[in-house]
Amino acid sequence: MSKKFFIGANWKLNLTKEDIAPFFSQLGPCASNNSTLIIFPQMPLLSEVGRFHETHHIEMGSQNSSATAQGAFTGESSPKTLKSIGASWTLVGHSERRSIFGDTDESCKKKFELALDGVLNPILCVGEEKKIREQGFEAVKKFLEGQLNPLAEILNTHPFFQGKVNAPLVVAYEPVWAIGTGLTPTLPEIEETLSWIRSFISSKMTTPETVELFLMYGGSVNRENSKDFLSLPSCHGLLIGGASLKALDLREIFHTSTLLSGH
Ligand code: PEP
């Protein structure tokens, strides 16, 4: 049986224009029927990365996008403009956006909706802090409910999903305490959380058949542990920070996903 995977490379505030061609020459082509590699570079590098879109079979996304469509919002980038320079995805609510730049569940909801209006595929990032995980799974669920509730509202109302069957929707579960720390939840903890996210979203939707939900795991993924995460029944992808800056590691992780995808 085949399984579909999304592998996201979140480059954060790293790499410059000069690094891009050598990176793609090491990465090599990433064609696959069932696995999609999405690169999230700094916004000014989107066009440069876009030069490798066809040759390397990659897609591009932004690490953030604006909550308003246009106007006097210095420093922002709108989904429509990002789309016009080649992005087809955007991250919404990455934990660094939430903790450093003040993104809230409310602003994430606006960003998510506007991304859909601008025809970008938004990936909502959710995840708890260590102190919540330490209180047990009930506390984790309660916390994640707060981050997922705005999404459920959008799924039931936004025209993007109305009348659709299996419109793809990606949610990334990234425990804050696992990002860039070398720590990860146990495999059963990840599976339990992903599986709960799936049933929570589905329980909130009036017509669950409109979306096909893909759940990513993110947090200290590397070439050694990626196969274990991708083998979890509920895991349909990985969001990778540090390891995605090493082209050879990213290539290995992507190829692992293609092997596990059955193609
Ligand atoms: C991330 O930034 O989304 C991330 C998961 O980072 P890292 O892989 O470095 O933990």
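The following dialogue works through how to read several features of this predicted model.

User: Where should I begin with the overall arrangement of the strands, and which way do they pair?

Analyst: Begin with the order in which the strands pair. Here a closed barrel of eight strands runs β1-β2-β3-β4-β5-β6-β7-β8, with parallel pairing, and the twist averages 25° from one strand to the next.

User: How many bridges join β1 to β8, and which residue stands opposite Ile-7?

Analyst: Strand β1 (residues 5-10) and β8 run parallel and are joined by four bridges, with Leu-238 in β8 standing opposite Ile-7. On the other side of the listing, strand β7 (residues 211-218) is joined to β8 by two bridges, again in parallel, and Gly-218 has Leu-239 of β8 as its bridge partner.

User: What do the pairings of β5 look like, and is that strand mostly covered or open?

Analyst: Strand β5 (residues 121-126) is mostly covered, since five of its six residues are buried. Four bridges join it in parallel to strand β4 (residues 89-92), where Thr-90 stands opposite Pro-122 of β5, and four bridges also join β5 to β6 in parallel, with Val-170 in β6 as the bridge partner of Ile-123.

User: How do I read the direction of side chains along a strand, and which residues of β8 point which way?

Analyst: In a regular strand the side chains alternate between the two faces of the sheet. In strand β8 (residues 237-240), Gly-237 and Leu-239 point one way while Leu-238 and Ile-240 point the other way, and all of them are buried.

User: What should I look for in the nonpolar core, and which residues have the most contacts inside it?

Analyst: In soluble globular proteins, nonpolar side chains tend to be buried together. The largest nonpolar core of this model has 59 residues, and those with the most contacts inside it are Leu-124, Val-171, Tyr-173, Met-216 and Leu-238; strand β6 (residues 167-173) gives the most to this core, with five residues. Taking Met-216 as a case, and leaving aside its neighbours within four places in sequence, its contacts include Phe-6, Val-170, Tyr-173 and Leu-238.

User: Which strands does helix α11 lie across, and at what angle does it run to β1?

Analyst: Helix α11 (residues 247-261) lies across β1, β2 and β8, and runs at about 170° to β1.

User: Which residues come nearest to the ligand, and how does its shell divide by class?

Analyst: A shell can be read first by its members and then by their classes. Of the 13 residues around the ligand, Ile-179, Gly-180, Gly-218, Gly-241 and Gly-242 come nearest, and the shell has five nonpolar, seven polar and one charged residues. Gly-218, among the nearest residues, is also the bridge partner of Leu-239 in β8.

User: Why does Glu-191 count as partly exposed, and what does it touch?

Analyst: Burial is read by counting neighbours, with 20 or more other C-beta atoms within 10 Å needed for a residue to be buried. Glu-191, in helix α9 (residues 187-204), has 18 C-beta neighbours inside 10 Å and therefore counts as partly exposed. Not counting residues up to four places away in sequence, Glu-191 touches Leu-232, Pro-233 and Ser-234.

User: How does Asn-149 read by that count, and how far is its C-alpha atom from that of Ile-201?

Analyst: Asn-149, found in helix α8 (residues 137-157), is partly exposed because 14 other C-beta atoms lie within 10 Å. The C-alpha atoms of Asn-149 and Ile-201 are separated by 8.2 Å, although these residues are 52 apart along the chain.

How values were computed. Residues numbered from 1 in each chain as written. Predicted model: local features only at pLDDT ≥ 70, side-chain atom pairs only at ≥ 80, totals over all residues. Near = placed C-beta within 6 Å. Nonpolar A, V, L, I, M, F, W, Y, C, P; charged D, E, K, R; others polar. Core = buried A, V, L, I, M, F, W, Y, C linked by C-beta atoms within 7 Å. Buried ≥ 20, exposed ≤ 12 C-beta atoms within 10 Å, placed from the backbone. Contact = placed C-beta atoms within 7 Å. Pairing = 2+ DSSP bridges. Axes fitted to C-alpha atoms, helices over the stretch in contact; angles between N-to-C directions.
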